[in-house]
Amino acid sequence: MAPDRLSVASACGKLLSQAGGSGPDRSAMQVFFHEAQRQHDPQHFLVAGTLRPSPEQPARIDALLAAARNLGLEVQSPGDAGMAPIAAVHSTDYLSFLQTIHERWSALSGAGPEVVPNIHPEGRSLVYPAHPAGLAGYHQADTACPIGPHTWHSAYWSAQTAIAAADAVLRGAASAYALCRPPGHHATSDRAGGFCFLSNAAIAAERCLRAGRRPAVLDIDLHHGNGTQQVFYERQDVLTVSIHADPSRFYPFFWGHAGERGAGPGHGYNLNLPLALGTGDDGFLAALAEASERIRLFGADLLVLAVGLDAFEGDPFAGLAVTTGGFGRIATACASLGLPTVLVQEGGYLSPELTRNLESFLASWLRPAPSGR
Ligand code: ZN
């Protein structure tokens with residue numbers, strides 16, 4: 001980390017505190033969502049060998065929108081920034097796959113309604129497959145990211161939602177919330193996985209980096225943000241930090257362990273803080289304090305906050321035990337970093353409290369910081 005970054009960051013903090021708070025004015029927030037994000041409606045989800053309805057349902061959108069509206073926040077449709085900001089993170093082959101595979105798959109004899117892989121390569125450095133089944137294995141990490149006729153359209157607009165929120169913050173907004181759905185943090189640069197197709201938080205961070213900022217990504221979803229991690233793993237220009245359920249007993253299993261620190265020039269610029277299953281508010285907040293310290297040390301001047309609400313004690317995934325009030329405390333702790341922030345929605349599944357959990361988070365986020373915090 002360059003010393004000049006630290007001095008710039010502390011100078012900014014001083015100016016902001018002189019302006020009367022511990023960070024930018026958070027009393028208002030732009031919210032972005034596009035109606036096309038409703039169209040993706042995945043059906044295929046395997047649990048212990050049993051086919052179940054996917055928890056990543058379009059109805060999540062209404063529960064999340066209700067929270068924004070209950071707080072009086074206006075919801076805007078994002079503009080279309082085109083493919084360039086998406087292609088800055090994802091490979092050409094992968095983007096072509098996402099756009100064309102459903103049609104190619106549907107032409108197979110006896111094809112099912114969704115693209116679901118039935119084979120995965122042991123390694124991926126050999127021949128790029130030509131057959132749709134081979135392509136599905138190459139570009140889909142698991143069976144929890146089925147591709148239907150509208151998946152690309154919804155994923156594209158989910159990414160545009162993140163881009164619009166990033167642009168709002170780059171224009172000077174203290175924060176902006178992107179209601180991204182489908183979510184993004186399990187998607188790598190060339191592979192879908194875990195309900196995710198385009199790596200929305202990574203796209204937002206790359207957008208901010210290319211605008212001259214020094215972004216950190218903080219992922220507070222229940223699950224490790226392995227896609228975001230992969231995008232920046234060998235780089236030191238974007239810090240990635242994730243707090244999540246211990247992957248030795250939880251999805252995504254193969255990533256998210258504390259020993260994954262980054263590689264090559266990126267060594268030391270990825271921080272994983274796995275938590276024991278069942279960890280509640282206090283344990284989560286303790287990890288968040290460690291995450292915040294690393295982000296301050298990095299000298300970030302902008303935060304991309306991957307907001308998952310599935311760490312909730314009543315979430316169907318039942319991995320951690322954060323309470324509704326706990327999300328408010330987590331928001332306050334994140335906001336105390338005092339950084340302009342792009343909030344990107346990740347997980348958080350249907351339960352009677354989903355709306356209240358986002359409302360608790362956003363209400364605390366928007367509350368002016370008490371003096372001295
Ligand atoms: Zn999750």
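Author: In this predicted model, a residue counts as buried when its relative accessible area is under 20%. Helix 5, residues 132-139, is mostly covered by that rule, with seven of its eight residues buried.

Reader: Which residues of helix 5 are the buried ones, and what do they pack against?

Author: The buried residues are Pro132, Ala133, Leu135, Ala136, Gly137, Tyr138 and His139. They pack against helix 4, residues 92-106.

Reader: Why does Thr161 count as buried?

Author: The cut-off is under 20%, and Thr161 has a relative accessibility of 0%, so it counts as buried. Thr161 lies in helix 6, residues 151-170. Leaving aside residues up to four places away in sequence, Thr161 touches Phe32, Phe33, His34, Gln37, Pro78, Ala178, Leu179 and Cys180.

Reader: What makes the pair Thr161 and Gln37 a polar contact?

Author: A polar contact needs a donor and an acceptor, N or O atoms, within 3.5 Å. The side chains of Thr161 and Gln37 make such a contact at 2.7 Å.

Reader: Why is strand 10 called largely enclosed?

Author: Five of the five residues of strand 10, residues 341-345, are buried, so the rest of the structure largely encloses it. In a regular strand, side chains alternate between the two faces of the sheet. In strand 10, Thr341, Leu343 and Gln345 point one way, Val342 and Val344 point the other way, and all are buried.

Reader: How do you know that strand 10 pairs with strand 5 and with strand 9?

Author: Pairing requires at least two bridges between the strands. Strand 5, residues 175-178, shares four bridges with strand 10, in the parallel sense. Strand 9, residues 302-307, shares five bridges with strand 10, also parallel. For strand 5, Ala176 has Val342 as its bridge partner in strand 10. For strand 9, Val307 stands opposite Gln345. From strand 9 the chain crosses through helix 10, residues 324-335, to strand 10, in a right-handed β-α-β crossover.

Reader: What makes Asp221, His223 and Asp310 donors of the zinc ion?

Author: A donor is an N, O or S atom within 2.8 Å of this metal. OD of Asp221, ND1 of His223 and OD of Asp310 coordinate the zinc ion at 2.0 to 2.2 Å, which is inside that limit. The spacing of the donor residues in sequence is D-x1-H-x86-D. Asp221, in the loop between strand 6 (215-219) and helix 8 (226-232), and Asp310, in the loop between strand 9 and helix 10, are 89 residues apart and link distant parts of the chain.

Reader: Are Asp221 and Asp310 buried or exposed?

Author: Asp221 has 0% relative accessibility, so it counts as buried. Asp310 is buried too, with a relative accessible area of 0%.

Technical notes: Residues numbered from 1 in each chain as written. Predicted model: local features only at pLDDT ≥ 70, side-chain atom pairs only at ≥ 80, totals over all residues. Heavy atoms only, no water. Helix = DSSP H or I, 4+ residues; strand = E, 2+ residues; numbered from the N terminus. Buried < 20%, exposed > 50% of the residue type's maximum accessible area, 1.4 Å probe, protein only. Contact = heavy atoms within 4.5 Å. Right-handed = clockwise from strand over helix to strand, strands pointing away. Donors = N, O, S within 2.8 Å, 3.2 Å for Na, K, Ca; no water.
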